[in-house]
Amino acid sequence: MGKASLALVAALAVLALPAAGWAEETGAAPEMSGLDLAIGKSLFKRPWVPAPASTRAADGLGPLFDARSCASCHPRDGRAPATVENGTAGRGFVLMIARPDGSGDPVYGRRFQIDAVPGIPAEGMIGISDTARPDGRMARKPHAEGLAYGPIDPASGVSLRVAPDLKGRGALARVPDAALIAIEQEQAKGKDGVSGRARRITRADGTTVLGRFGWKASQPDLARQSAEAFFLDLGLSNPYHPEPWGDCTPAQTACRDAPHGTANRTEGTADDALEIGRPLLDRVVAYVASLPAPAPEPLASKTRRPGAHLFAATGCAACHRPSLPTTDGAGARMFTDLLLHDMGPDLGDTMPEPGAGASEWRTAPLAGLSAALAEGTGLLHDGRARSIEEAVAWHGGEAATAARRFGALSDPDKAALVRYLSGL
């Protein structure tokens with residue numbers, strides 16, 4: 001079956017099938033068949049188009065957006081290329097905007113979108129200033145340029161982030177909350193200054209859940225993480241974000257009045273007014289959850305063991321935990337503890353959030369690091385670090401002790417540890 005035929009089958013099947021097994025309370029990925037996963041993959045790669053369009057099953061893009069498909073920021077399900085040309089960020093970066101109370105900018109909303117449907121001005125471009133430091137590190141600061149809707153509110157801060165690797169996120173979804181609380185309690189003893197905390201997110205009904213997805217653990221599950229990406233990155237309404245105009249604010253009247261997608265309506269259900277109805281979201285979430293964790297490079301024991309030993313001895317493994325327990329017993333070998341840590345002012349941005357300070361970041365999974373290095377995507381949340389050594393040098397705050405130990409290693413030991421990490 002050709003790609004076009006598969007896309008047609010996927011579109012028809014999605015419109016015909018109800019959501020199956022959706023775990024609304026937990027946001028867990030529903031159990032689905034191989035066909036459902038194929039449909040989810042097709043939707044993940046689908047280039048969405050503005051409404052109205054002859055390809056009605058794929059319309060509703062924008063009006064403001066950062067990408068036309070999930071795959072454009074997550075090529076091969078991986079980390080975005082994060083290229084910078086002449087001081088302008090390429091596709092795969094996003095510039096978040098928010099005020100300290102968590103609300104978006106009154107004009108630009110929660111995301112500074114670099115693209116728009118015909119007839120609607122894009123908000124501008126993401127400018128990036130890279131400055132070489134005497135110690136060899138490259139400092140990076142983002143700024144909005146070419147502002148099409150006037151100035152940004154002085155109270156709004158910005159945060160530059162790279163679209164992360166998605167492989168292995170299903171395993172992270174299966175880590176029980178109790179495991180995260182246990183790690184939090186263990187780290188509360190403050191060994192080596194490490195004291196991560198699970199991010200508590202208060203839902204609209206007043207209940208609290210633990211965040212684990214996103215650079216600052218702002219989402220508790222893959223469903224909500226995917227829904228926010230559809231809404232902010234592609235401007236597509238969905239069960240968690242029903243506004244058809246996406247991130248357009250009341251100040252952006254032309255954007256709000258522009259046509260919106262309706263082709264994926266399923267009459268008689270709660271999805272009637274959504275561009276990404278629950279059946280579509282279900283299948284994309286199931287596809288993402290099905291992606292296996294990146295496999296580490298098969299190093300010989302005489303190479304792997306010294307590196308793994310140094311990884312633990314320096315204290316890196318205190319936060320980048322090689323494995324977390326999962327409800328299915330398989331374990332999540334992702335090298336993270338899913339907790340927020342204060343990484344020091346050098347890694348801070350200008351956008352603190354309720355529940356996460358400007359310099360607090362969730363421990364980034366190191367699984368998939370080999371692919372990021374091979375593809376030159378840059379490391380850390382904004383892609384500023386060009387090597388493992390540079391990324392470690394940016395670690396401050398709770399990670400300062402581990403970074404100092406890394407810096408004090410002999411050249412052979414440092415090379416052994418870098419070789420180990422480069423194979424993850």
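1. Start with how the chain folds back on itself. In this predicted model, residues 24 or more positions apart account for 67% of the contacts that have a separation of 6 or more. The secondary structure comes to 13 helices and 12 strands, and of the 424 residues in the chain, 52% are buried. Keep those figures in mind while you turn the structure around.

2. Next, the inside. The largest nonpolar core has 48 residues, and the members touching the most others are Phe44, Trp48, Ile120, Phe230, Ile276, Leu281 and Val288. At least two residues apiece come from α2 (34-45), β1 (64-65), α3 (70-73), α4 (169-173), α5 (177-187), α6 (222-234) and α8 (278-290). Which of them gives the largest share? That is α8, with 7 residues. There is also another core, lying apart from this one; it has 29 residues, including Phe335 and Leu409.

3. Now look at the aromatic rings, where the count comes to 5 pairs. One of these joins Phe44 and Tyr287, a tilted pair with 5.6 Å between the centres and 55° between the planes. Phe44 belongs to helix α2 and Tyr287 to helix α8, so this pair ties together parts of the chain that are 243 residues apart in sequence. Both Phe44 and Tyr287 are buried.

4. A second tilted pair is Tyr108 with Phe112, at 5.5 Å centre to centre and 45° between the planes. Tyr108 counts as buried because its relative accessibility is 0%, and Phe112 counts as buried because its value is 0% too. Add Tyr149 to Tyr108 and Phe112 and you have one aromatic cluster.

5. Don't miss the charges sitting over rings. Arg46 lies over the face of Trp48, 4.9 Å from the ring centre. Elsewhere in the chain, the charged end of Arg384 is placed over the ring of Trp394, at 4.5 Å from its centre.

6. Helix α6 is a good one to click on. Its 13 residues should span 18 Å at 1.5 Å a residue, and the end C-alpha atoms are 17 Å apart, which agrees. Is this helix enclosed or exposed? Since 11 of its 13 residues are buried, α6 is largely enclosed by the rest of the structure. Among the buried ones are Phe230 and Phe231, but also Arg224, Glu228 and Asp233. The buried residues of α6 pack against β1, α3, β4 (93-98), α4 and α8.

7. Then try helix α9, residues 301-313. For 13 residues at 1.5 Å each the expected span is 18 Å, and the end C-alpha atoms are 18 Å apart, which agrees. Gly307, Leu310 and Phe311 are the buried residues here. Viewed down the axis, the buried residues of α9 fall within an arc of 105°, so they line one face of the helix. Why does that make sense for residues three or four places apart? An α-helix has 3.6 residues a turn, so residues with that spacing point the same way. The buried residues of α9 pack against α13 (411-422), while Lys302, Arg305 and His309 are exposed on the other side of α9. After the helix comes Gly315, with a positive phi near 100°.

8. The loop between α9 and β11 (340-342) holds Thr336. With 1% relative accessibility, Thr336 counts as buried. Leaving out residues up to four places away in sequence, Thr336 touches Leu172, Cys319, His320, Arg321, Leu324, Thr363, Ala364 and Pro365. From Thr336 to Ala317 is 19 residues in sequence and 8.3 Å in space, C-alpha to C-alpha.

9. Finally, some backbone oddities worth checking. Most residues other than glycine have a negative phi, and most peptide bonds are trans. The bond from Ala51 to Pro52 is cis, with omega near -5°, and the one from Gly62 to Pro63 is cis with omega near 15°. Pro52 is in the loop between α2 and β1, and so is Pro63. As for phi, Asp192 is not a glycine but has a positive value of about 60°. Asp192 is in the loop between α5 and β9 (199-202) and is partly exposed, with a relative accessible area of 31%. Phe335 also has a positive phi of about 60° without being a glycine. Phe335 sits in the loop between α9 and β11, and at 3% relative accessibility it counts as buried.

How values were computed: Residues numbered from 1 in each chain as written. Predicted model: local features only at pLDDT ≥ 70, side-chain atom pairs only at ≥ 80, totals over all residues. Heavy atoms only, no water. Core = buried A, V, L, I, M, F, W, Y, C linked by side-chain atoms within 4.5 Å. Buried < 20%, exposed > 50% of the residue type's maximum accessible area, 1.4 Å probe, protein only. Helix = DSSP H or I, 4+ residues; strand = E, 2+ residues; numbered from the N terminus. Phe/Tyr/Trp six-rings, centres within 6.5 Å; stacked < 30°, edge-to-face > 60°. Lys NZ or Arg CZ within 6 Å of the ring centre and 35° of its normal. Expected span 1.5 Å × (residues − 1). Arc of directions from axis to C-beta. Contact = heavy atoms within 4.5 Å.
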